[in-house]
Structure formats: structure tokens, C-alpha cells
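Trainee: Hi! Could you walk me through this protein?
Mentor: Happy to, here it comes.
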Amino acid sequence: MSDLTSYHSCEHCQKFVIDLENRRPPNDPERSEESIFFFGTTLEEVLKGASDNCQLCVWLDYNWEEYYGDRYRRLAKASASQIAVCADSYSMSLADRYPVDELLFIGLWESDLPVTSGFGKCRVVCQIYLDVLTTRDDPASAFILTRPIARRPDSDENMTLARRWMEDCLNTHPNCRTEQTSMPSRVLRVDENKTSGGFDVFIEHTYDKVEPFVALSYCWGGDQDCKTTKSRMESGDLRLSYDKLARSIQDAIKVTVGLGLKYLWVDALCIIQDDDNDKIEQIADMPRIYNQACVTIVAAKSDRASSGFLGEIDFAKTTRLAVKLPFRCPDENGTLGSAYLSYIEDRLEPEPIISRSWTLQERYLSNRSLEFGRTQMRWICASSGNKNGYCDGWKREESADDPSHVLFIYRELQQDIEDMTSARSSPEWIADWVTSRWEVILHDYTPRKLSVPTDRPLAVSGIAQVFAPYMKSDYLAGLWRSTLPSYLCWHVTLDEHELLPRPTDYQGPSWSWTGINGPVRFVLARACEQDCRATLLNADIKLVNAYAKFGSVLQGILTMKGRFRRAVWYRGTAKDLLKLRRQSSQTDSSPEETTVKYITVHPDTNSVEEGTGSSNPIEVSLFEIGNRTGRKKRGPVGLILHPVPNESRHSLTRFKRLGLFHINVGSTRRKTEDTEGSSIEDYANLFEGFTQETIEIE
């Protein structure tokens, strides 16, 4: 709720004075824990207020009874006048109690009870985080920095504020200074039409022009009716009807004009959508486009282009509490100001834009962003952080898509590497650091969604292009040659019932995370990096377009040398049972199949052709990549492979990857021998005595 006139205030709730210095409970010699303070009122006052329909008192009474039932009712009947009402506060500063950002709970202090961690002497608490805000002109504004939500993101006041942020950043932020040297090959030229009150929009070729432009980052949420096609470009009619554009694009045009600029880059209109070659070239050029943009408009709140992002912000339907309370300032005079408390049920839901794959690199590649979210408009640059003054209202805090240490990768990668070089860090240390940054990006990227799944390698290709000079290695369909073969040991982090099917359309090789869908981690890749047993002999990558070295591939075949053992995989059984096949060198008395103990299996997909949903055995090979060497976790790590036809002239056996396995023989104390006569060391040395063979993985 953003209309302060709607906040409840009455004689009862005005007795709830927020005074963080009031930490001594009445009739109790013990001082409360440092962060707990007392309102100066009692449970008796709450009950009176509830009977008179005070919104705060009704809300507290309902929640206390709902969660504590008989205990609360006993307090209400027996000693309501002796039970003080207290609360705990939270500040994002962490180092101090001010500024106040939230109340973590409101509870009832029972003086005769022992103190417990977190809640003091409270056993009845309403543990619902309440946001605390005030107005800029209130005496409490120095101690409460959250402001009312600005209901109209597109107001003249907001556009003036955004323009000031941009000009301040361009002129006064030394960490944000960049030099524009180019523009995209096509942009929208937007002019305000004073006569009609609308906007004139044209697709314009830039040639060698260099002028400030804005880029848009938004969710398509499905196809768009108005987009640029080959037929439009061939017709020469490059004027666009503003009224026919998707609402998010219309809103971006308004903001561009509001910022005092006249050029805007939007993928749907500046890339020829039915021209594959143009798409490949433009996508490969995205690092330069977003890096050279004066600012990127981020339509964070909208899950589709048709929704727009400048609509009125109104949380009235999901606001469960909105009350105005007195706030005692910690100044010499104990000045009373006002604090507005609210509980908005869905205000912590993540912005839709953070679930989309393409928008990750658009954020990382931009130097400055103007974000329009569900609760605020805010400015993000290398100098803004969560400082006061860079949002139009609500909190100064980070959102779910907060700038991280890898946000401004153009400048930060280079600066961090220069700092490490100056500190005489070894090349190996620097290479490991850069690899870890790439891991962070993939950890954020791989859970995100795509409207077109085959875009999985493309939507992160711009970031890969920026990383390439620092990785100093070939990019192989989502992985770097210098990290192989250990980094083949990625695994999908979804549970068995959450796994996705193997893509029907080719996205990438089976050995790369680009070839499947879902979140992946590289924990086991790191774990076996120090004792890598397999060898990468060759990588044959066929690109869709030679110009796009970091884009999609037609095929990727690795030639590997290592040890492997044949096994049978029983999908659909408990923990995906794996049994080793008897080798020809073993005696006839050896069992036909031996269950592999201490093994964890990570399937890549739930594909039916790979045995999902049944116990049908799948003939597989366990290919050893490396060995975990930790004191408590040790054992082989490798790939689960399935043979496929090899139509090439080479005679090598070819496989595709189905999953990852690792054996842990050191995490707990176990019997030295199992029921089938195998010792723990037999599993630790599962590939001992097997000769290395050369294979291909596609």
C-alpha cells in the first residue's frame, strides 16, 4: 500500500511507541537483549484495542491466538496488565540498530521466565517481518530510510529524478566513466510528437554514427506481433506505429525520451527476426551493444512484453497490515516522528526478469541500469551499491537481482586481475580465480528459463566472449579447454522427480551443460581437479556460424583417453542402482553382476529412452575422470556413458553422456568388507588394473 492516508491510526495504536532505546521491561530488573525494545504498552491495552477494532491490536490478537492458542488465552485472562509488549528490530547496516528497516517480531514479555536466545523472555510472538517507512520530511527520516512507494513510475517527477541520476553518474562517478566508441548497426530513433501527444518511431541504420543510446532488457513472454522482418527491411518502410508496439517497448520509448535521449535498441525491432545470419551476428555483438549503451532500461516487474512496466504500483489487495505509529528519535530531545508499519504479503516475490536466461547477460554487460521493479524505480551503477538516494521510494536494499561482484564484468574482471598481478599472484592462482567467476555465472544462469530452449548456449555467449581474453583458452560449447577434463564433472542439481527430458532439438553435446536443461553445479569438478586421471586428446567443434565463436554448435566430439568399466544401470530403482559387469579376465566363479557400493548417481535427464520410470537395465560404461582426494571424501568421479553408432571413418567407440557418478568411501566409518566380498579399498580403486582406452564422446 503506497497511499499513506490509508494507514490506520487510532488512540490505541498510538500507545505503541517505537523507541529502540527503551530496552528495560517494566517490573523486571533484567535488561532485555540489546535488539529487543518495549513499546510502553501491555497486553491489556492490546485486548482493549482489539475490542475497539484497532487494526494493529486486532492483527496481533488474531496471530497470537492462531499460533499459541491456550497459552495466549491464559496470559490474556490471568495477567494481561503485567505482560509488556516488545519487539525486535532489524537494520541493513548490520553494524548498528539504525536506520530501522524492519520489525522482526512483536511479542509478549513474561518477566518470570528465563531468557532465551533470540526472543528474550517472550514465548508468544508474532514472527512476521513488518516493513518500517516514513516520509522524507518527517523527523524520523534520519533514522528510517525506507520511503513510501512511488505509485506512478512514469510521473514527471520520476523521469526528472532518473535523468538526474544518469547525469550524476556520467559526470561525477569516476568508477563509472566509460568512452562510447560505437553504436549498434540498427537502433530506433524516437521523437516526441507534440501535436499528437504520442511518439514517432523509426528504425535507423547508424553506419558510423556515435551518439548516446539506451538499451532495453525485458521478458518477451511469448512471441511479439510487431517485430522486424526481412520483408519490412526490403520494403524500405522503416516507420513503426507506436500504438502497435508491445507495451514494454512503448514504456521504454517514454523513458528514453524522459531521459533526454533519442535512440533506443530493442532486440525485437533492431534484429531481423527471420534472418538467421543477422540474429547470429547481432547476438555475437551483444557485449558491445550493452556495454556501449548509455543506460540499460530493465523492465524487471513484467513477465511479458505485453504487460509494460510503467503501470501504477498498488499493493492494496495484498496488504495485510498498514498502521501509523509514533517513533521516538534517538536525539537529545527524544523527538517524536512517525513510522508507518506494513505487511505486504507478496512484496518479497522475486522480479520476473531474474527467471529469464537472456536478461542475465544483459545485466552483467551493462555499465548502468535503470530498473523498474514491483516496488520501486532504482538506479544501478558501479558507484550506487545500496546507497541512499538511488531509488524513488521503498527500500534502499538490494533486490533479488542485486548487483554482485561480477555485475560489471567489463571493468571488474580487468581491475581485479590487474590488482592480483600487482600483488604478484601466480598465473595459476589468477586462472583459478577467473574460472571460479565463470562458475558463479553458470550457477546463476543455468536455472533460468528460455522461451526457445535452443538458445541455451546463445543467451550466455556474450559473457563468454568477455571472459575469453582472461581464460586464455578455447571455448568448447559452454566449457573452457583449459578446465577439461575435470570440468566435464558437472551435475544437474534437480531431484529425480524434477529432472527434465533430454531436448528433442539439439542444443549442444551431451558432455556439455548446454546439451541439457536445468541447473548445474561444478562441485565435483573442483573436487577431482587435483587428481585428474583422464586425458583430453582432441575437441572437434563445428560452429553454426564461424563468426559466433561463443554461440551454438552443430556438433561437438571429444576424443578422450581413460579407464572405464562396463556396468548395468537400473533406472527407477532406489538410488539408481548400478551393477558392474563381470570382466572377461575374471574367473568363472565371479558373479555376473556386482552392485557398486558407496556410489551416488546424478542423471542428466528423465528421458524415457534412457530407462526412466522402469527398472529396465541400460548398458553403460563408467568412465573415470578423476579422484576426490579429500580427507573425509575420497573416491572416483566420472561419467556414465552409453554407446552410440559412430558413422565416421574412425574406428573409435563413441558414446553419449547420461549422467555423472561419484564414489565416496571416506565419509563415514564402514565395514572393511561387504557381503559380496569387496572391500572399501576395492571401491576406492574401482579402476585399478584397467588399461586406458581412447574413446569419443558426442
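Mentor: First a term: helices (H or I, at least four residues) and strands (E, at least two) are DSSP runs, numbered from the N terminus. This is a predicted model, where local features need pLDDT of at least 70, side-chain atom pairs count only at pLDDT 80 or more, and totals for chains, interfaces and linings use all residues. Residues are numbered from 1 along each chain as its sequence is written, and side-chain values use heavy atoms, leaving out hydrogens and water.
Trainee: Cool. What comes right after helix 1?
Mentor: N53 follows helix 1, and its phi is positive, near 65°.
Trainee: And which residues of helix 1 are buried?
Mentor: In helix 1 (residues 43–51), they are L43, E45, V46, G49 and A50. Buried means under 20% relative accessible area, with a 1.4 Å probe and protein chains only.
Trainee: Where do they sit around the helix axis?
Mentor: They fall within an arc of 155° seen down the axis of helix 1, so they line one face of the helix. That arc is taken over the directions from the helix axis to the C-beta atoms.
Trainee: What covers them?
Mentor: The cover includes strand 1 (36–42), helix 2 (55–78), strand 2 (84–90) and strand 3 (102–109). Contact here means heavy atoms within 4.5 Å.
Trainee: New topic: how many helices and strands are in the chain?
Mentor: The chain has 14 helices and 29 strands.
Trainee: And what share of the chain is buried?
Mentor: Of its 698 residues, 55% are buried.
Trainee: What size of box do the C-alpha atoms fill?
Mentor: Roughly 90 × 75 × 50 Å, taken along the principal axes.

Conventions. Buried means under 20% relative accessible area, exposed over 50%, partly exposed in between (1.4 Å probe, protein chains only).
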